[in-house]
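Hi,

Here is the structure I promised to pass on. Have a look at it first, and my notes follow below.

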Amino acid sequence: MNLDKKLYTLKYSPDTESHLKPDFEQCKLCITKCCVNICPAQVYEWNEETQELIVNFENCLECGACRIACERQCLNWQYPKGTKGVTFKQG
Amino acid sequence: MLKRENKTDVIIVGAGPAGISCAITLARAGKEVILIERGLFAGSKNVFGGAIYTQATKEIFPNFETEAPIERRNIEHNFAILGEEDSTTITYRKNDNSSYSVIRAKFDRWAAEEAKKAGAYIVEETVVRELIKEKNQVIGVKTELEEYFADIVILADGVNSLLAKQIGLRKDIDTKDVALSVKEVIKLDNQIINQRFKLKDNEGAIVEIFGGPMLGMLGLGFMYTNTDSVTIGLGITLNELAENNYRPYEILEKLKQHPTIAPLIEGGTLKEYSAHLIPEGGYKKIPKLCDNGVMIIGDAAMLVNNLHWEGTNLAMISGKLAAETAVEAIDKNDFSKKTLSNYEKKLKKSFILKDLKTYRELMDVMHSRKNAFLCYYMKKINAFFEMFTSVNGIPKKENYHKFIKSIFTDRKISELFKDIWAIVKLLWSILI
């Protein structure tokens, strides 16, 4: 089963503004870009063409893995606003 | 201190098992307590493996077995050691009620309602952005909209605890001290679950999974049975994932396809996918547990006994002990670090810090010997049973000799001595 189908099972109330704010200049220098693989919701994608990190913050499961794993420690990671983000119905 | 309008005895941040247990204990003692939860409702941001433990839960909710939304009563523990294709499983079964499977979104919501009935105020959909300090003392919290003040603030804001970090009680977590867990709740017919797991009525089974797609990784899998769904998931240390560019959900997919696991979930439909971090650092990584006007409980204090899959019980009891400390502090009108450090003393006297201390060396040993204990010996156990069950005309004595010889020749002999030394050291630290 692909990840999109998994994420489709979740209830989200996305904000208009991202709660995940990497320092994009640092991301360009990052060698491993481990957030791209580590994120369980594939929030991060690397765009080879524009050499930019894409942040699909709407899919975030709010686990915090990227915050800890970010090797350049350049991610400003906050919880989404109180009415926003993911809601687990099972947990 | 200035008298403030919106001031209460205690503010608790985070409505998980720790925060709710803390709130209800305070409310029952007649103290004014506000529990602030960032989700739509208590439980809506909470994820765990699958079990609550009867003894600890009863300390907080004496009648939970008849009143709470529980799923199944666990009567069977399976320890499944998966090879690439084969597996060896040890099953312990007893008609017992030491743990129950629950759905967190239902259970936590129920528990929070109980706290509300006891007199706690619950403020939902509210994120605490920072702690307010005055003269080296935590005196309140700042949410997105307003400020709340309290004599004591208790942090139950989970494994990421940005608040404990803000006031310097906790350092950044190292990637080797935390596991990333992904899990799926898979809908299956009640009768099919009972057939596949050999259960009747509301009996439940737990499967602890070693190896398989996690061979050689510091990671474990788990399955729990719910009333009409099965939970399957795994947790892998974050440094392992980061260094090897593994995608956690892809490893879970592989686990679901393992020949031993696949038949258990066949035909099910995915109800919900989720992910969460698990604090794995153990005793050595427990943060400072209190300061002037503040205490830390549950996952925020890294209170998880990973070897025994225990977390919710440590959370609940740490919440209760912090509440008891807060009651004493309120009665004395003394919220200093010195008074609140009674919480740490209570934790030390309880099973919580005693157990974590018992396993203080475990993670270091596992990190340094993971290829041996989480790969080589896992494969060796399966290889033994493959040999033992094979009927191929080869005399058994030859098989035994070959197997024993392989233990000395598969790897450098020094590896074997390192393993023995690691086990001796580990057992010494656990038992002595």
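Please keep in mind that this is a predicted model. I started with helix H10 of chain B: 16 of the 21 residues of H10(B) are buried, so this helix is largely enclosed by the rest of the structure. H10(B) runs over residues 312–332. Its length also checks out, because 21 residues at 1.5 Å a residue should span 30 Å, and the end C-alpha atoms of H10(B) are indeed 30 Å apart. Just after the helix comes B:Asn333, which has a positive phi, near 55°.

H10(B) has a neighbour in helix H12 of chain B, residues 342–349; the two axes come within 9 Å and cross at roughly 140°. An angle from 115 to 145 degrees counts as oblique, so H10(B) is oblique to H12(B). Their crossing is right-handed. On the H10(B) side, the contact is made by B:Ser318, B:Leu321, B:Ala322, B:Glu324, B:Thr325 and B:Glu328. H12(B) brings B:Asn342, B:Tyr343, B:Lys346 and B:Leu347 to this contact. By type, the residues of the contact are four nonpolar, three polar and three charged.

Then there is the interface between the chains, where 28 residues of chain A are in contact with 41 residues of chain B. On the chain A side, the elements giving two or more residues are helices H1 (3–7), H3 (35–38) and H4 (65–69). H4(A) gives the most, with four residues. The chain A side as a whole divides into 15 nonpolar, eight polar and five charged residues.

Happy to talk it through whenever suits you.

Best wishes

Methods
Residues numbered from 1 in each chain as written. Chains lettered and ligands numbered in written order. Predicted model: local features only at pLDDT ≥ 70, side-chain atom pairs only at ≥ 80, totals over all residues. Axes fitted to C-alpha atoms, helices over the stretch in contact; angles between N-to-C directions. Parallel < 35°, antiparallel > 145°, perpendicular 65-115°, else oblique. Left-handed = near helix turned anticlockwise from the far one by under 90°. Contact = placed C-beta atoms within 7 Å. Nonpolar A, V, L, I, M, F, W, Y, C, P; charged D, E, K, R; others polar. Expected span 1.5 Å × (residues − 1). Buried ≥ 20, exposed ≤ 12 C-beta atoms within 10 Å, placed from the backbone.
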